[in-house]
Amino acid sequence: MSILLETRGLAAGYGALQIIKNIDIRVEHGSFTVVVGPNGAGKTTLMSALAGVLPVAAGEIRLDGQVLNTLSVSQRVKSGLVLVPEGRHLFGQMTVQENLELGGYLMTAAQRRQTMDEVCALFPRLAERRDQAAGSMSGGEQQMVAVGRALMGRPRCILLDEPALGLAPRMVATLFRILRQVAQNGTGVLLVEQNVRQALSICDHAYILEQGLVVAEGSGPELLQGERIRKSYLGL
Ligand SMILES: Nc1ncnc2c1ncn2[C@@H]1O[C@H](COP(=O)(O)OP(=O)(O)OP(=O)(O)O)[C@@H](O)[C@H]1O
Ligand SMILES: [Mg+2]
């Protein structure tokens, strides 16, 4: 597989405070890649730097070879890199369908209809609830709307910052299964996650981030069997 998203020596932080240091990660085309790490490890900081919310202090971010470093958030979205941030940020008074349509605002009406059909095929629950106010959906359903809205832009790569936060294990499993499908359909998926066991069980490749540094990487099964994960994350 070829590389879709790549960082080399990426560093970022807040003013003089450097949080992530020298990060090298890769998301291959069609792959489901995960970054796990404890609270405060720098996961959100990494996602913010990738999406262009935070400036790059050092290193490089490339999408399909193109250097993104100096592009704004909206330019990165147009290049095909979209972030689903922590929290859902939906328009609660608007319907599910209206929220989804916002994600496809750059498209023609015909493209938008087709993409809506594809997103609804991934999330049948959203199709059933098209006309419901987004704010009255359950927490898990709202998270699905947020992911669906990002997919409406037909991204090349989707970044998700802890979308499973607060969801029941079954809902988490459903969401991860859908993300697996998204990756198989050709969109690269980079997920930041604290549900270590569930995330590592379903991903293609994972990185462990601690105190702003990648301390281990490998396939899900490799890491699940490794000493570090078993001790620090699974309590075994
Ligand atoms: N706006 C900010 N200004 C200064 N420091 C910040 C800011 N945002 C985050 N930090 C610090 O950066 C470090 C990493 O935070 P970050 O939010 O990236 O962690 P995280 O891995 O996403 O944690 P969590 O799992 O709790 O979401 C923390 O020490 C945090 O206090
Ligand atoms: Mg975070």
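Hi everyone, let me start at a proline: Pro55 sits in the loop that runs between helix H1 (43-51) and strand S5 (58-63). This is a predicted model, so please hear everything that follows with that in mind. Is Pro55 buried or exposed? Pro55 is exposed, because its relative accessible area is 60% and the cut-off for exposed is over 50%. Pro55 also has a partner to look at in Ala12: the two are 43 residues apart along the chain, yet 6.7 Å separates their C-alpha atoms.

While we're on prolines, have a look at Pro85. This one belongs to the loop between strand S7 (81-84) and helix H3 (96-103). Its relative accessibility is 33%, so Pro85 counts as partly exposed. Which distance goes with the pair Pro85 and Leu159? From C-alpha to C-alpha they are 8.1 Å apart in space, with their positions 74 residues apart in sequence.

Now let me step back to the whole chain. The secondary structure adds up to 10 helices and 11 strands. The radius of gyration is 17 Å, and the globule rule gives 18 Å for 236 residues; the two values are close, so the chain is as compact as a globular protein of that length. If you like boxes, the C-alpha atoms fill one of roughly 45 × 40 × 35 Å along the principal axes.

How much of the chain is buried? Of its 236 residues, 48% count as buried. Then there are the contacts: taking those between residues at least 6 apart in sequence, 68% join residues at least 24 apart. On the outside, the accessible surface is about 10900 Å², and carbon and sulfur atoms account for 50% of that. As for charge, there are 23 positive and 21 negative side chains, with the centres of the two sets 1 Å apart.

A word on annotation. UniProt, in an unreviewed entry, places the feature "domain: ABC transporter" at residues 5-236. Over residues 5-236 the chain is 39% helix and 26% strand, and the C-alpha atoms at the two ends are 33 Å apart.

Next, some backbone geometry. Most residues other than glycine have a negative phi. With that in mind, Asn22 has a positive phi of about 55°, although it is not a glycine. You'll find Asn22 in strand S2 (residues 17-23). With a relative accessible area of 56%, Asn22 is exposed.

Arg154 also has a positive phi, of about 50°, and Arg154 is not a glycine. Where does Arg154 sit? Look in the loop between helix H6 (139-151) and strand S8 (157-161). At 44% relative accessibility, Arg154 counts as partly exposed.

I'll finish in the interior, with Val36 in strand S4 (residues 32-36). Val36 counts as buried, because its relative accessibility is 0% and the cut-off for buried is under 20%. What is Val36 in contact with, once its neighbours within four places in sequence are left aside? The contacts are Lys43, Glu193, Val196, Tyr207, Ile208 and Leu209. One last distance for you: the C-alpha atoms of Val36 and Ala164 are separated by 13 Å, and these two residues are 128 apart along the chain.

That's my tour, so thank you for listening, and I'm happy to go back to any of these places on the screen.

Conventions: Residues are numbered from 1 along each chain as its sequence is written. Chains are lettered from A and ligands numbered from 1 in the order in which they are written. This is a predicted model: local features need pLDDT of at least 70, side-chain atom pairs count only at pLDDT 80 or more; totals for chains, interfaces and linings use all residues. Side-chain values use heavy atoms; hydrogens and water are left out. Helices (H or I, at least four residues) and strands (E, at least two) are DSSP runs, numbered from the N terminus. The radius of gyration is taken over C-alpha atoms; the globule rule is 2.2 Å times the number of residues to the power 0.38. Buried means under 20% relative accessible area, exposed over 50%, partly exposed in between (1.4 Å probe, protein chains only). Contact means heavy atoms within 4.5 Å. Accessible areas come from the Shrake-Rupley method with a 1.4 Å probe; for residues, only the protein chains shown count as cover. Lys and Arg count as positive and Asp and Glu as negative; His and the chain ends are not counted. The place of a charge is taken as NZ of Lys, CZ of Arg, CG of Asp or CD of Glu. UniProt positions are given in the numbering used here, feature names are shortened, and annotations may be inferred rather than shown by experiment.
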